[in-house]
Amino acid sequence: MSGRLASGANRLDRMIERLLTQRACLRFAAGAIRTLPGPVLELGLGKGRTYDYLRREMPDREIIAFDKEVHATPDCIPDAAHLILGDFLETLPAFAKRHPPPAALVHADIGSEKPERDRRLAAAVAPLINTLSQNGTIVIADRAMRNAHWQSLPLPDDAGQWDYFIYRVG
Ligand SMILES: C[S@@+](CC[C@H](N)C(=O)[O-])C[C@H]1O[C@@H](n2cnc3c(N)ncnc32)[C@H](O)[C@@H]1O
């Protein structure tokens, strides 16, 4: 992982900056989509940390989580109707074929410590996210993404020293 934090910083400080940034971005997103209908898509359930934040911040939203495997703590595992397991590149197109309502928020927390693999995955996932979006959808991503329909937004002032990306669709 890279970041705005000095590359020599220790892993504890880097993790702290990452989590501060995630929380600031997700808090911003919760406010930004308040009047926009549609579910939240959590790409990368992982340990369930950001999923847990989102469900508490937005208790009335439907949240659908995606991951290739379950390694969340038990209290952060969505029920079967809200957890879609498999590779994003297969599950997102299959999910789109079900014609779900367009998402209000997509949080793509998909990165690893392999930059080249992450770049390829982010490039492949961005158009899939776009097909699940509407005008005004907020996309929060831990890796840079590009889409002609997306406008890049600045990080909130209270974000940590960590690279994270906010886009508005349309
Ligand atoms: C950075 S972690 C997510 C952390 C999580 N948001 C949290 O707060 O605990 C990235 C997750 O993406 C998943 N992942 C990575 N590549 C994937 C792919 N191609 N398809 C499905 N899941 C993938 C990994 O299994 C991992 O759980």
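**Note on the predicted model: loops, sheet, core and ligand shell**

1. His99 counts as exposed because only 7 other C-beta atoms lie within 10 Å of its own (exposed means 12 or fewer such atoms, buried 20 or more, and partly exposed in between, with C-beta atoms placed from the backbone). This is a predicted model, in which local features need pLDDT of at least 70 and side-chain atom pairs count only at pLDDT 80 or more, while totals for chains, interfaces and linings use all residues. Residues are numbered from 1 along each chain as its sequence is written.

2. His99 sits in the loop between α3 (88-97) and β4 (helices are DSSP runs of H or I with at least four residues, strands runs of E with at least two, numbered from the N terminus). Although His99 is not a glycine, its phi is positive, at about 50 degrees, and a reviewer may wish to look at the backbone there. Arg98 belongs to the loop between α3 and β4 as well, and it is classed as exposed because it has 6 C-beta neighbours inside 10 Å. From Arg98 to Asn147 the C-alpha to C-alpha separation is 23 Å, with their positions 49 residues apart in sequence.

3. In helix α3 itself one finds Thr91, which is partly exposed because it has 17 C-beta neighbours inside 10 Å. Setting aside residues up to four places away in sequence, Thr91 touches Phe66, Ile84 and Gly86 (contact means C-beta atoms, placed from the backbone, within 7 Å). Between the C-alpha atoms of Thr91 and Lys114 there are 22 Å, although the two residues are 23 places apart along the chain.

4. Lys114 is in the loop between β4 and α4, and because 11 other C-beta atoms lie within 10 Å, Lys114 is exposed. Its C-alpha atom is 20 Å from that of Ile140, a residue 26 places away along the chain.

5. The sheet is open and has seven strands in the order β3-β2-β1-β4-β5-β7-β6, with mixed pairing (two strands pair if DSSP finds at least two bridges between them). Its edges are formed by β3 (83-85) and β6 (150-153), each of which pairs on one side only. Within the sheet, β4 (residues 105-108) and β5 (residues 138-141) run parallel and are joined by four bridges; Val106 has Val139 as its bridge partner in β5, and His107 stands opposite Ile140 in β5.

6. On its other pairing, β5 is joined to β7 by four bridges, and these two strands run antiparallel; here Val139 has Tyr167 as its bridge partner in β7. Four bridges also join β6 to β7, again in antiparallel fashion, and Ser152 of this pair stands opposite Tyr167 in β7.

7. What are the side chains of β5 doing? Ile138 and Ile140 point one way from the strand, Val139 and Ala141 point the other way, and all of these residues are buried. Val139 touches Val106, Ala108, Ile129, Met145, Trp150, Tyr167 and Val169, when residues up to four places away in sequence are not counted. The largest nonpolar core has 37 residues, and those with the most contacts inside it are Cys25, Val106, Val139 and Ile140 (a core is a set of buried Ala, Val, Leu, Ile, Met, Phe, Trp, Tyr and Cys residues joined through C-beta atoms within 7 Å).

8. Ile129 provides a view of the same region from a helix, since its place is in α4. Ile129 is buried because 25 other C-beta atoms lie within 10 Å, and beyond its neighbours within four places in sequence it is in contact with Val106, Ala108 and Val139. The C-alpha atoms of Ile129 and Pro93 are 9.3 Å apart in space, while the residues are 36 apart in sequence.

9. Finally, the ligand is surrounded by 15 residues, the closest being Gly44, Gly46, Lys47, Arg49 and Lys68 (a residue is near a molecule if its C-beta atom, placed from the backbone, lies within 6 Å of it).

Definitions and conventions: Contact = placed C-beta atoms within 7 Å.
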